[in-house]
Amino acid sequence: MRPSRRLILTSTLAALLAPALASGFAPAAQAQEQPNQILNASYDVARELFEAENKQFEPTYKAKTGKEIKVNQSHAGTSKQARSIVEGLEADVVTFNQITDITFLADKGYVAKDWQSRLPNNASPWYSFPAFLVRAGNPKNVKNWDDLVRDDVKLVFPNPKTSGNARYTYLAAYAFALEKFNGDVAKADAFARKLLSNVVVFDTGGRGATTSFVEREQGDVLITFEAEVIGVKDAYKDKNFQVVVPEVSLLAEFPVAVVDKVVDKRGSRQVATDYLNFLYSPEGQKIAAEYNNRVFDPKVAEEYKAKFAPVRLVKVEDVFGGWANVQKTHFASGGKLDELFVAP
Amino acid sequence: MAREPHPPEKAHPPRRIRVGDGPLTRRLLIGGVLLVTALILVAPLAAIFAEAFRKGVGAYAAAFAAPDTQYAIGLTLFTAMIVVPINVCFGIAAAWCIAKFRFPGRNLLVALVELPFSISPIIAGIAYLFVYGAQGLLGPWLEAHDIKIMFAVPAIILASLFVTAPFVARELIPLMIAQGSEEEEAAVTLGAGGWRILRLVTLPNVRFALLYGAALCNARVMGEFGAVSIVSGNIRGQTNTLPLQIELLYQDNNAIAAFAVATLLTLVALVTLVAKAIIERLDAARVKAQARPGH
Amino acid sequence: MNRVVPGFPLSLGITLFYLSLIVLLPLGALLWQAADVGWDRYLAIMAGTRTQAAFRLTLTTAAVATVFNGIYGLALAWVLVRYEFPGKRLLDALVDVPFALPTAVAGLALSALFVKNGWFGGPLSVFGIEVAYTPLGIAVAMAFTSIPFVVRTVQPVLEDLATDVEEAAATLGASDARIFARVIFPAIFPAFLTGASLCFARSLGEFGAIIFIAGNLPLKTEVVSLLAFIRIEEYEYPAAAAIAATLLAIAFVMLFVVNMIQLWQQRRIGTGD
């Protein structure tokens, strides 16, 4: 009989304790006036970068305003992040790797339509582009995009349906093919189809792809942002990976925006705006460059020049006639990507 | 399965002749089962610890110093503290009405109680999204009243409640049916009320099954991944439970830490099973003690 | 059976209320969302190449996992019931590991074992067998997570099985194989079938363990639960709802079959309880 009584006692105790603990675990939820935390919903491979940015921003903000602030991070494929925000994820700012995902938020009324003109460089504090990481000694001799469609070369990049990162890879390859075949769309389609069929693993986010390539030794080439490529090479020095920067690639802008609907509700507009401005400041830019992103600040760019190989970057606007067009013809449900992605 | 014919031993017939008691069959079967078990059940457990300690104890310990990991441990414990008692109460209520009474739709109710067991956790997660998401059934109402469920701790608790709802009931129902209601009926004739009967007669009789159900429920709550990964916003240090933290660390190029955290959940699982073994032994001893005077 | 014991309205009330809130409401929302899709659209989604491939793969690998667990689970139950040997208790406890171990941890561990540089992956690759990132890997993950079902349903029945018939048969000179096939297996068959169908149902819906070891390639190694997950991430709610509703329907059918088997079993044995 004793155990049962003890059991009841324990459950009662737990039930009594629960609300007290619950309040401890939801500190920011009720704070209407002065939120001491904001949430940055970001792309997958920016984990370390924003950890460093936040570590710098928090004391800077305190010194400036005297207020404590904590920036929380959430990282995943940006389409997933945008969807989560529409479903109720209360992110104060988004730092994405794709304009279309913020456009989606703007269409749903979460971000003001003019978000791109609110900050410099189309609201992108830094940029990068898809580059290649190959195994020690580059055994498959991969130099450029056309090496990726060879039968003997196996690729790793994430699922273009969920990852902005992979969509850049797809578009960069497509742009390369259009250029190579003088705008022959049928040939470019075949090129992209072959590229997709050479992929051994599709992870949902960029970091999953990196893990598959590095830890699980899948594929010959990892295609991801140059920032991630260099980062991985440095993080795994013993594996002697090599960075291959193709002759031409596609400019990947990393747009940022304040999520108006959320900051207005939480009263965090000021700190959210300060946070994004900080990313443009010399300190913020330095950290971005330290994490292998190419930055716009001329002084910082000059300082880190030696780190980056020369590359010719084409723009979505020039090759594909803008993001709206890309979204319609390539990425919409039933669009070109769907067709090339699954058709054998 | 290769089953060897029993060697005829007509001269000295053994006391009991049962299928598979031939020495060769016996050895083959035991050996085969032990080998497959070692490969498919033991090796994965060993691999978790091997990977976690690959870079030594220091790296292993360092994994637990990260504030986000500590937070995930706290959140997971907290979730279990809420979910397990609720599902224990539900399990007792469900077992009580199913085991002690006959009523139309009883079989349907049994099936309903077991339903979450056969449903993919992913479906559970999606279903909760369709209820509590901003686009979902209750989304607009919740938003109007400023109640936050999705991508926050409440959603994690709700998804966990769904996934582990059957665990306690599953353990109790067959046992309580087998035990019958004679003792309860006797208690009623002695004038005891319902709560008293539950507390003094029924629960002591099923306490081991109840404990085991609760322990298993606890292990599953702490380890739930699929359903929680849909309804949590993956916010570091906010809505990351331990299994999500494992995936996150793994993708942070921190495999050692991922496996280190995984050892924690593995230990929970092993402790649960050891507890079960002990409980069963105690239970067997109790049954024996009760049976003896009757003989 | 009896109306002497009190508490029926209360316990039934609690049970129904809780089930409605926690189980039926979300499932209802799912079906509501799926009904919104419309029949034509539903058929179009289900006829899609990728959906079809995912269902085919999932059903096949779940079947393979179930066959494996049918054999291994039966042998395991047999060994645990019929023999005494050192380590038996440990073996008995180990059976429940897949229930208690988080699926994500299981997936992580299995993928660490079966990748090229893993304990099993290396030796297997010598024979040209690849497990990680192939359908075989998916079957392995499914098999692992559903080991306890067959064992735990067959074990009690086997324990209760009276041995007089088989002893009589043996003294009449029938071979072990014959006795097993004619006497023992028919007796444990309903329990075996229940275990196997639970194992199959669980394998169909498995997610956590699989995503770590499957390559997640559309058409090749993408299981249904992952496809539903990806459709959610892509904001393709109709497709996610359609796929999820179909999985749910399969789960219902499996559950119905299991219940029918149990009813049949009860009737065969002759007693109500």
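**Entry 1: chain B, surface and overall form**

I began with the surface of chain B, which exposes about 11,800 Å², with carbon and sulfur atoms supplying 65% of it. I note at the outset that the model is predicted.

I then asked how many of the residues in chain B are buried. Buried residues make up 58% of the 295 residues of chain B.

For secondary structure I recorded 13 helices and zero strands in chain B. Read from the N terminus, the elements of chain B run α-α-α-α-α-α-α-α-α-α-α-α-α. I next looked up the radius of gyration of chain B, which is 24 Å, well over the 19 Å that the globule rule gives for 295 residues, so chain B is more spread out than a compact globule. The C-alpha trace of chain B spans about 80 × 60 × 30 Å along its principal axes.

I also looked at contacts within chain B between residues at least 6 apart in sequence, and 70% of these join residues at least 24 apart. For the charges, I found that the mean positions of the 24 positive and 18 negative charges of chain B are 10 Å apart.

**Entry 2: chain B, domains**

I noted two domain entries for chain B: domain 1 covers 23-52 and domain 2 covers 56-294. The contact between them takes five residues from domain 1 of chain B and nine residues from domain 2 of chain B. I recorded 29 Å between the C-alpha centres of domain 1 of chain B and domain 2 of chain B.

**Entry 3: chain C, overall form**

I turned to chain C and recorded 14 helices and zero strands. Along the sequence, chain C follows the pattern α-α-α-α-α-α-α-α-α-α-α-α-α-α. Its C-alpha trace spans about 65 × 65 × 30 Å along the principal axes of chain C.

Of the 273 residues of chain C, I found that 61% count as buried. Chain C exposes about 10,600 Å², and carbon and sulfur atoms supply 68% of that area. Among contacts in chain C between residues at least 6 apart in sequence, 76% join residues at least 24 apart.

How far apart are the mean positions of the positive and negative charges of chain C? I found 4 Å between the mean positions of its 16 positive and 18 negative charges.

**Entry 4: chain C, domains**

Chain C is divided into domain 1 (1-37) and domain 2 (38-269). I recorded 28 Å between the centres of domain 1 of chain C and domain 2 of chain C, taken over C-alpha atoms. Eight residues of domain 1 of chain C are in contact with eleven residues of domain 2 of chain C.

**Entry 5: Gly205(C)**

I located Gly205(C) in helix H11 of chain C, which covers residues 176-205. Is Gly205(C) buried or exposed? Its relative accessibility is 7%, and the cut-off for buried is under 20%, so Gly205(C) counts as buried.

Leaving aside residues up to four places away in sequence, I found that Gly205(C) touches Ser120(B), Pro121(B) and Ser225(C). I also checked Val223(C), which is 18 residues from Gly205(C) along the chain; the two C-alpha atoms are separated by 8.9 Å.

**Entry 6: chain A, domains and Arg47(A)**

In chain A, I noted domain 1 (37-127 + 253-307) and domain 2 (130-250 + 312-342). Their contact takes 20 residues from domain 1 of chain A and 19 residues from domain 2 of chain A. The centres of these domains of chain A, taken over C-alpha atoms, are 25 Å apart.

I then examined Arg47(A), which is found in helix H2 (residues 47-65) of chain A. Arg47(A) is buried, because its relative accessible area is 4%. Which residues does Arg47(A) touch, not counting those up to four places away in sequence? In chain A, I listed Gln73(A), His75(A) and Arg207(A). In chain B, I listed Arg236(B), Leu248(B), Gln251(B) and Asp252(B).

**Entry 7: positive phi in helix H5 of chain A**

I looked up backbone angles in helix H5 of chain A. Most residues other than glycine have a negative phi. Asn122(A), however, has a phi near 55 degrees, a positive value in a residue other than glycine. For Ala123(A), I recorded a phi near 65 degrees, likewise positive in a residue other than glycine.

Asn122(A) is placed in helix H5 (residues 120-123) of chain A, and Ala123(A) lies in helix H5 of chain A. I found Asn122(A) partly exposed, with a relative accessible area of 42%, whereas Ala123(A) is buried, with a relative accessible area of 0%.

How values were computed
Residues numbered from 1 in each chain as written. Chains lettered and ligands numbered in written order. Predicted model: local features only at pLDDT ≥ 70, side-chain atom pairs only at ≥ 80, totals over all residues. Heavy atoms only, no water. Helix = DSSP H or I, 4+ residues; strand = E, 2+ residues; numbered from the N terminus. Rg over C-alpha atoms; globule rule 2.2 N^0.38 Å. Buried < 20%, exposed > 50% of the residue type's maximum accessible area, 1.4 Å probe, protein only. Contact = heavy atoms within 4.5 Å. Areas by Shrake-Rupley, 256 points an atom, 1.4 Å probe, with all protein chains shown as cover. Lys, Arg positive; Asp, Glu negative; His and termini not counted. Charge placed at Lys NZ, Arg CZ, Asp CG, Glu CD. Domains from an automatic or database assignment.
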